[in-house]
Amino acid sequence: MSGTTGAPMVATEAQAMTAPTGAVPPGSPIRRVGVVGAGVMGAGIAAQVANAGIPVVLLDIVAGGAARAVQAMLRAEPAPFMHRGAARLVTAGDLGGDLALLAGCDWIIEAIIEQPEAKRALYAQLDAVRKPGSILSSNTSTIPLAALVEGRGDSFAMDFLITHFFNPPRYMRLLEMVRGPATRAEAVAAISEFADRSLGKTVIPCKDRPGFIANRIGGLWMQSAINRAIDLGLTVEEADALMSRPIGVPKTGVFGLLDLVGIDLMPHVAASMKATLPGTDPYVQGLREHAVILKMIAEGRTGRKAKGGFYTRVKGADGESLKRALDLTTGEYRESETPRLESLSLRDLRAQATHPDRGGRYLRAVLLDLLGYAASLVPEIADSVADVDAAMRLGYNWKYGPFELIDRLGAAWLARALAEDGRPVPPLLARLGEGSFYRVEAGVLEYFGTDGDYHPVPRPAGVLLLADVKRRGQPLARNGSASLWDIGDGVACLEFHSKMNAIDPDTLAMLGKSVAMGKQGAFKALVIHTEGEQFSVGANIGLALFAANIAAWGEIESMVEGGQKAMRALRAAPFPVVGAPSGMALGGGCEVLLHCAAVQAHAETYIGLVEAGVGLIPGWGGCTTMLRRWAENPRAPKGPMPPVAKAFEMISTAQVAKSAFEAKEMLLLRQTDGITFNHDRLLADAKARALAMIEGHVPPETRPLRLPGASGRAALRLAVEQQAALGRVTPHDRVVCDTLAETLTGGRRDHTEETPEAEVLALERKGFMALLRTPATLARVEHMLETGRPLRN
Amino acid sequence: MTDVVIAAYRRSPFHFAHKGELVKLRPDEMAAQVVRALVADTGIDPATVEDLVLGCAFPEGEQGLNAAKLIAFIAGLPESMGGTTVNRFCGSSMQAVHQAAGAIHMGAGDAFLCAGVESMSRVPMMGFNPMPHPGLAERYPQAYISMGETAENVARRYQLTRAEQDGFAVRSHAKAAAAQREGRLEAEITPVEVAGKPVAQDGCIRPETSAEGLGGLKPAFRQDGSVTAGTASPLTDGAVALLVCSAEYARSHGLTPLAKVKSVAVAGCAPEVMGMGPVEATRKALARAGIAARDLDVVELNEAFASQALACLRELGIEEAKVNLDGGAIALGHPLGATGARITGKAAQLLQREGGRYALATQCIGGGQGIATVLEAV
């Protein structure tokens with residue numbers, strides 16, 4: 001890591017060569033990026049640029065600050081870097097001495113303190129060193145572009161725009177972009193293209209208004225949710241329960257979110273909005289100082305970073321962690337309570353918002369504030385309601401944008417409710433009348449425009465969404481857990497849609513059916529892709545537990561065998577099968593990918609064979625495939641043990657790759673597999689890969705393995721004993737490890753003879769079944785289903 | 001009988017495996033560079049050398065085949081010279097000296113290049129394909145016990161506290177740092193070239209090592225143990241070469257010997273306390289030399305772990321003041337196959353430098369044995 005510490009070191013070409021470059025299209029005008037300001041945002045943006053394989057210069061005003069930021073990021077969780085190699089692409093330096101490093105940059109991003117004077121002073125410096133035609137942008141979250149270009153020349157204004165990333169920059173998909181009247185169209189196009197394809201962001205054009213889209217609306221929502229909770233006497237738990245699941249907001253709700261981002265941030269945001277918005281704006285009108293919050297800030301109870309905010313945790317008498325919540329009236333902590341409101345138990349949003357209890361009244365009040373405000377801001381802050389909704393979904397992780405929420409409530413109901421309360425009905429809402437903001441017309445999703453007409457929700461060129469495919473027609477085949485769709489050009493898409501996309505007998509049946517249909521010529525290539533957050537969390541262990549509890553061992557074994565058959569059929573398909581995962585691909589979900597002819601993975605894919613966590617071993621060919629991959633890896637040492645040792649280490653510790661790049665290092669993905677940064681482009685990229693593979697596609701041969709047998713098992717046992725001496729192995733870990741060792745070493749085989757694949761698969765089944773019959777494994781499964789966490793028994 | 005002498009001693013700098021400056025240097029190339037430098041420095045005609053005897057603990061991969069003969073080719077030594085690779089784990093290159101001494105005594109040659117090498121970066125400890133005998137592993141698992149476990153067993157058996165072990169490691173680093181600072185290591189180190197750049201300095205020594213710093217480390221091998229990464233020798237890359245010859249050969253080639261080999265010994269012990277191997281081996285070697293431990297002026301005792309080094313000194317009644325004057329393996333590093341030649345060469349060099357009559361070089365060996373060499377001033 002010498003390139004990230006001490007004196008600045010420029011990333012060499014050789015380093016750049018070893019870094020992943022798949023995310024950067026050839027001919028991209030952005031080949032080197034500069035970031036000034038190594039705070040959380042600046043450093044995080046630099047890391048994401050490096051993740052994309054682009055060399056990046058990171059400068060800070062404080063001497064050594066950038067190098068320290070890089071070091072801190074290597075230890076941070078969630079990790080800003082997708083793999084350690086990415087950090088080598090970051091050249092850290094000081095603004096004082098290393099300004100000249102920016103001369104080679106095609107795009108320079110400013111991410112310093114939110115003070116217009118400081119930013120303008122920096123721009124004067126940057127303007128002096130940057131190369132002609134290079135693009136400059138600010139990561140400001142509140143300052144209008146007009147104020148930033150003040151005093152600079154025309155050439156600066158032509159090359160300048162605002163690119164507002166969300167925290168953390170690696171994980172949040174929104175990029176708000178503001179162009180000035182003078183900004184060059186090519187600059188906008190170049191940054192949009194780079195941010196979209198290389199950084200994986202959805203670029204939403206915003207008007208030059210304070211807070212742009214997401215923070216303007218999100219800020220008002222938080223303000224309203226706090227004000228109304230205090231006015232109506234709700235507890236923080238009640239407010240958060242209502243401000244989360246009912247409206248599709250993450251479970252932190254509002255107070256939990258404030259704990260996460262830092263309560264002390266509130267006065268800064270409020271001051272900035274007050275300074276830039278007119279006094280008549282509802283945001284400014286609603287600004288209030290709450291004594292309870294001022295007291296918290298004064299006492300340093302600013303949230304999770306300070307070990308306490310609206311929620312805190314204390315050690316109980318038995319050392320257990322107890323959750324406590326702040327009483328908004330007294331400002332003191334009390335035991336946290338599960339909210340019990342009738343309005344919370346209802347399913348329908350409008351029914352909830354019209355319920356007479358204080359929860360219903362609260363929900364109605366906040367929704368009227370939020371949705372009335374959002375409807376009044378189009379076209380002030382954005383050209384379309386679709387852009388506003390996308391910004392809120394991607395920038396705040398809301399499931400629904402405000403206009404989608406209005407459709408759930410009914411636009412006419414909202415207009416009437418606003419009128420009943422004597423509040424203005426926004427013109428856009430009034431114009432919509434009894435209609436809805438979205439509709440599907442001839443299979444195309446359309447939104448209601450400010451011109452009073454419906455327009456198709458635009459998709460960038462080359463984007464293919466399964467949701468759009470699904471609106472257009474019926475699946476080729478469907479059951480309760482999976483569907484098969486025609487995505488055009490002779491390519492089909494197999495989609496999982498059970499809970500968490502867990503794999504059950506229906507999923508396996510659809511896998512088998514898909515292969516059969518492909519063999520009959522229904523399509524020429526298959527993509528396996530799911531649109532939800534997770535690709536698949538693995539086999540449905542709830543079903544396995546149920547079957548074990550009634551001792552239906554035969555049924556379980558036939559499900560294991562059925563899974564193996566389905567996976568083998570997938571691999572042997574005479575047409576290309578391309579996995580297109582994003583999010584978690586664990587256990588059986590991972591095994592599906594291991595049997596695809598190729599994988600095009602979203603960069604944010606978390607793959608792993610995690611069966612050991614529930615006291616099992618991979619039973620659908622996961623062990624066999626990992627042995628084969630390591631045996632065939634030209635960089636691994638030869639001999640019978642290295643593949644076994646590698647597979648054993650990974651599977652016994654239930655390692656999960658924390659990015660697609662890490663998955664390649666672990667051989668869960670092949671070197672030839674592709675990585676897509678923009679989630680919306682994943683299906684199109686996978687389809688293109690599948691189409692390219694059709695001609696001359698030959699399924700892989702299944703050559704036998706050469707496994708070390710009892711000697712190898714003895715070696716693995718010794719390794720486990722060493723870990724046990726360090727207290728890292730529980731009693732049942734030993735049992736699981738021993739079963740895994742027997743499977744991976746080929747049982748009674750000797751390394752002088754070949755072990756047919758079918759024999760290793762039989763060992764997988766035998767090991768899986770033996771473990772499932774142990775009470776300790778069943779306890780692990782039960783615990784995982786109940787708590788979502790592994791049991792260390 | 002013909003006297004056998006250590007006529008010359010050279011070694012590469014020692015560096016941490018996986019993160020040091022020798023990671024990218026193949027072990028055969030590293031050893032060849034050191035052997036070539038030794039031959040050049042002594043000015044001998046390599047055609048007069050009988051054999052190149054190479055110690056290596058994991059002779060596979062780039063240390064594989066018959067590495068000794070290959071190293072002779074890489075070093076440009078004449079085809080007429082033999083080459084043999086010997087393995088006694090950590091004692092491998094001391095064994096090379098013993099083998100050469102025995103051959104000289106029986107008239108099977110006059111001059112031998114005794115070398116040792118280990119790249120623990122490039123060939124892992126346990127090798128690429130560890131495949132223990134399953135029956136033995138079941139019946140007698142200590143045959144394959146990890147070295148760290150043995151160090152814990154010794155610490156427990158001899159009731160060595162964490163503080164005692166930490167203190168020993170601090171002293172090892174302090175002695176090595178002083179030797180480095182005062183240029184006392186220059187006489188033995190020959191720079192090696194890695195990708196066109198010379199590496200001339202040891203890389204494992206940490207002059208800033210303190211008891212407080214070591215006190216913060218977690219046990220490395222047993223949850224409730226006392227042995228840490230700071231009181232164990234590090235995984236190391238390095239190579240060593242000695243010229244072992246008859247006194248007559250040295251005289252006729254104008255060489256000034258460092259010391260003569262007085263006696264040698266090996267002895268087995270229980271594998272679970274392999275660190276105590278030097279005790280019996282030393283007793284045997286001292287008896288064969290007809291001297292007692294108190295007669296020793298200089299001692300090189302390999303510091304595989306602080307616990308076993310302290311326990312061996314206690315058992316043998318050797319004062320620490322005589323031991324590892326320029327630091328030991330905890331500070332300098334322990335490239336398994338190379339260490340035996342290093343401490344034998346070092347003991348000979350120290351005997352000449354410090355004066356005195358007898359020196360001892362001894363070390364413990366994984367699997368349960370010890371090896372010792374008694375040297376006498378010339």
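The exercises below, each with a worked solution, concern a predicted model.

**Exercise 1.** Determine how the span of helix H1 of chain B compares with the expected value, and whether its residues are mostly buried or exposed.

*Solution.* Begin with the bounds: H1 of chain B runs over residues 27-42, which makes 16 residues. The expected span at 1.5 Å a residue is 22 Å, and the distance from the first C-alpha to the last is 23 Å, close to that expectation. Next, apply the burial criterion, under which a residue is buried if 20 or more other C-beta atoms lie within 10 Å of its own. By this criterion 13 of the 16 residues of H1(B) are buried, so the helix is largely enclosed by the rest of the structure. Finally, look just past the helix, where Gly43(B) follows with a positive phi, near 75°.

**Exercise 2.** Describe the two spans of chain B that UniProt annotates as thiolase domains, using their secondary structure and the separation of their ends.

*Solution.* First take residues 4-247 of chain B, which the unreviewed UniProt entry lists as "Thiolase N-terminal"; this span is 33% helix and 19% strand, with its end C-alpha atoms 6 Å apart. Then take residues 255-376 of chain B, which the unreviewed entry lists as "Thiolase C-terminal"; here helix accounts for 39% and strand for 26%, while the end C-alpha atoms lie 17 Å apart.

**Exercise 3.** Characterise the contact between chain B and chain A by residue count and by class.

*Solution.* Counting residues on each side gives 13 from chain B in contact with 18 from chain A. Sorting the chain B side by class then yields eight nonpolar, three polar and two charged residues.

How values were computed:
Residues numbered from 1 in each chain as written. Chains lettered and ligands numbered in written order. Predicted model: local features only at pLDDT ≥ 70, side-chain atom pairs only at ≥ 80, totals over all residues. UniProt positions renumbered as here; feature names shortened; annotations may be inferred. Helix = DSSP H or I, 4+ residues; strand = E, 2+ residues; numbered from the N terminus. Expected span 1.5 Å × (residues − 1). Buried ≥ 20, exposed ≤ 12 C-beta atoms within 10 Å, placed from the backbone. Contact = placed C-beta atoms within 7 Å. Nonpolar A, V, L, I, M, F, W, Y, C, P; charged D, E, K, R; others polar.
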